[in-house]
Amino acid sequence: MDNAPKYKRVLLKISGESLAGPSKFGIDEQTVHAICEEIRQIVDMGVQVGIVCGGGNFWRGRSAQQMDRTRADHAGMLATVINGIALTDALLSMGVETRLQTAIEMRQIAEPYIRGRAESHLKKGYVVIFAGGTGNPYFSTDTAAALRAAEINADAILLAKTVSGVYSADPAIDKTAKFLPELTYLDVLNRRLGVMDTTATSLCMDNRIPIVVFVLESATRTTLSGLLWASASAQPYQNNAGRICEMKEMYTPYESKMQKALSFQADEFKAIRAGRANPGVLDKLTVEYYGSPTPINQMASVSVTEARTLSITPYDKSAMKGIEKAILASDIGINPQNDGNAIRLMFPPLTEERRLAIAKQIRKSGEETKVAIRNIRRDAVEKFKEQKKKSEITEDDLKAAEKDMQDMTDKFIKKVDEAVAAKEKEILEV
């Protein structure tokens with residue numbers, strides 16, 4: 001389904017500071033409810049949602065200079081549980097079934113983290129909040145997000161930050177920092193970009209989990225639902241949201257365009273008459289039925305009764321005249337025969353001259369489709385060269401992309417040739 005969100009299961013990573021609102025400390029109920037409303041919307045879209053929340057609005061273990069690091073990290077884990085309770089309460093108040101699980105057992109407050117139970121909750125459409133980090137000191141909540149995303153087989157991590165997208169440096173400090181719309185995991189690691197810590201980034205790279213970075217605060221924040229629709233349609237993300245992924249995932253929009261070119265050709269071939277009955281000639285015909293344009297194959301049973309006879313039997317006989325009118329107005333070029341119960345289309349045999357002319361038309365259509373596919377490859381390579389020029393990808397990335405795009409082009413060109421050969425054979429058969 002084209003308008004379905006790309007990701008069916010996501011792990012949303014929220015910083016503790018995001019919950020603090022204007023005060024920058026503690027929990028701001030209005031802010032929490034605004035964020036939870038965003039979550040409710042994507043749950044209503046059918047997306048399964050897991051959440052890992054930081055604790056920086058209360059405590060940062062690594063910032064405690066005089067405290068034992070392990071104890072400081074334990075305090076930070078408790079801060080994430082406080083935030084998890086606040087998120088759970090807000091979501092439940094909105095009617096969103098939510099379960100809080102903690103990496104350190106505290107049964108009076110939450111369920112202990114059990115992967116199988118978390119999976120079961122997600123499949124039921126419940127939101128699952130994972131608190132307590134990984135349950136171990138020295139590991140950040142970013143790493144906890146990467147770990148839980150891998151364990152629940154999340155399609156992506158949605159990483160909510162206080163800065164929109166990924167930049168070459170901290171834009172709050174360096175005014176020359178450049179926005180980077182798409183990066184590979186190795187780019188993040190090699191350039192030491194402070195998007196996620198290296199442990200979390202490496203874990204995502206090893207498990208091929210895309211990371212979508214966006215801002216989820218202020219009046220101009222990127223909405224979660226908008227983020228997922230953008231992902232599905234291969235459109236640029238709102239408000240400079242960016243993505244970290246394998247290089248090959250950047251090919252997806254171009255592969256989709258090539259597939260659309262191939263599908264367009266297939267639709268054209270369906271409409272070509274081959275001198276025998278073909279239900280495909282009706283695929284694009286619609287009839288005004290109770291005020292709505294309705295495809296004929298949804299209004300009637302369409303079958304090939306003889307080699308050159310197509311029978312159309314409407315489920316509602318009152319639609320008979322509308323179907324007949326649509327066929328006459330189309331470019332099928334056959335007069336329908338209406339006996340009151342069914343409409344029949346009698347396909348006349350093609351002359352040899354006509355068959356050769358149609359075969360030539362098919363080859364021409366195939367060449368046009370191949371040109372379209374090669375143009376898509378050219379656009380992709382130009383885009384990757386531009387990214388290389390901006391230092392968004394490496395020289396090795398560019399070389400790999402050029403080879404992979406050529407391989408993808410060759411694959412689709414082969415499919416075009418196969419479709420042309422099959423249709424040409426069908427036409428030339430007497």
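How are α12 and α13 oriented to each other, roughly parallel or roughly antiparallel? Before I answer, please keep in mind that what we have in front of us is a predicted model, and that I will describe what was computed from its atoms and nothing beyond that.

Let me take the two helices, then. Helix α12 covers residues 352-389 and helix α13 covers residues 395-428, and their axes come within 10 Å and cross at roughly 170°. With angles over 145 degrees counted as roughly antiparallel, the two helices are therefore roughly antiparallel to each other. If we sort the residues in the contact of α12 with α13 by class, we find 17 nonpolar residues, four polar ones and 12 charged ones.

I would like to turn next to the sheet that involves β13. Strands of a sheet pair through backbone hydrogen bonds, and they may do so in a parallel or an antiparallel way. Here, four strands form an open sheet with antiparallel pairing, and the order across the sheet is β12-β13-β15-β14. The edge strands are β12 and β14, the latter at residues 337-338, and each of them pairs on one side only.

Within that sheet, strand β12, residues 300-306, and strand β13, residues 309-314, run antiparallel and are joined by six bridges. These two strands form a hairpin, with two residues between them. If you want to follow the register in the viewer, valine 304 has leucine 310 in β13 as its bridge partner, while serine 303 is partnered by serine 311, also in β13.

On the other side of the pairing, β13 meets strand β15, residues 343-346, in the antiparallel sense, over four bridges. Threonine 309 has methionine 346 in β15 as its bridge partner, and leucine 310 has leucine 345, again in β15. Leucine 310 thus appears in both lists, as the partner of valine 304 and as the partner of leucine 345. How much of β13 is buried? Five of its six residues are, and the strand is mostly covered.

Now to the aromatic side chains. A pair of aromatic rings is described by the distance of the centres and the angle of the planes. A search of the whole structure finds five aromatic pairs, and I will go through two of them in some detail.

In one of these, the ring centres of tyrosine 113 and phenylalanine 130 are 5.7 Å apart and the planes stand at 80°, so the pair is edge-to-face. Tyrosine 113 sits in the loop between β4 (111-112) and α4 (115-123), whereas phenylalanine 130 belongs to strand β5, residues 127-131, so the pair ties together parts that are 17 residues apart in sequence. Both rings belong to residues that fall under the 20% cut-off for burial: tyrosine 113 is buried at 18% relative accessibility, and phenylalanine 130 is buried at 2%.

Another pair brings us back to helix α12. The rings of tyrosine 251 and phenylalanine 384 have their centres 5.8 Å apart and their planes at 65°, so this pair too is edge-to-face. Tyrosine 251 lies in the loop between β9 (242-245) and α9 (252-270), and phenylalanine 384 lies in helix α12, with the pair linking distant parts of the chain that are 133 residues apart. Tyrosine 251 and phenylalanine 384 are buried, and ring pairs link Tyr251, Tyr254 and Phe384 into a cluster.

Let me finish with the cysteines and one proline. How many disulfides does the rule give? The count comes to zero. For cysteine 36, the closest cysteine sulfur is the one in cysteine 53, at 9.6 Å, which is too far for a bond when the cut-off is 2.5 Å. Cysteine 36 is buried, with a relative accessible area of 0%, and cysteine 204 is likewise buried at 0%.

As for the proline, proline 5 is found in the segment before β1 (9-14), and with a relative accessible area of 8% it is buried. The C-alpha atom of proline 5 is separated by 8.6 Å from that of glycine 46, although the two residues are 41 residues apart along the chain.

Methods. Residues numbered from 1 in each chain as written. Predicted model: local features only at pLDDT ≥ 70, side-chain atom pairs only at ≥ 80, totals over all residues. Heavy atoms only, no water. Axes fitted to C-alpha atoms, helices over the stretch in contact; angles between N-to-C directions. Parallel < 35°, antiparallel > 145°, perpendicular 65-115°, else oblique. Nonpolar A, V, L, I, M, F, W, Y, C, P; charged D, E, K, R; others polar. Buried < 20%, exposed > 50% of the residue type's maximum accessible area, 1.4 Å probe, protein only. Pairing = 2+ DSSP bridges. Phe/Tyr/Trp six-rings, centres within 6.5 Å; stacked < 30°, edge-to-face > 60°.
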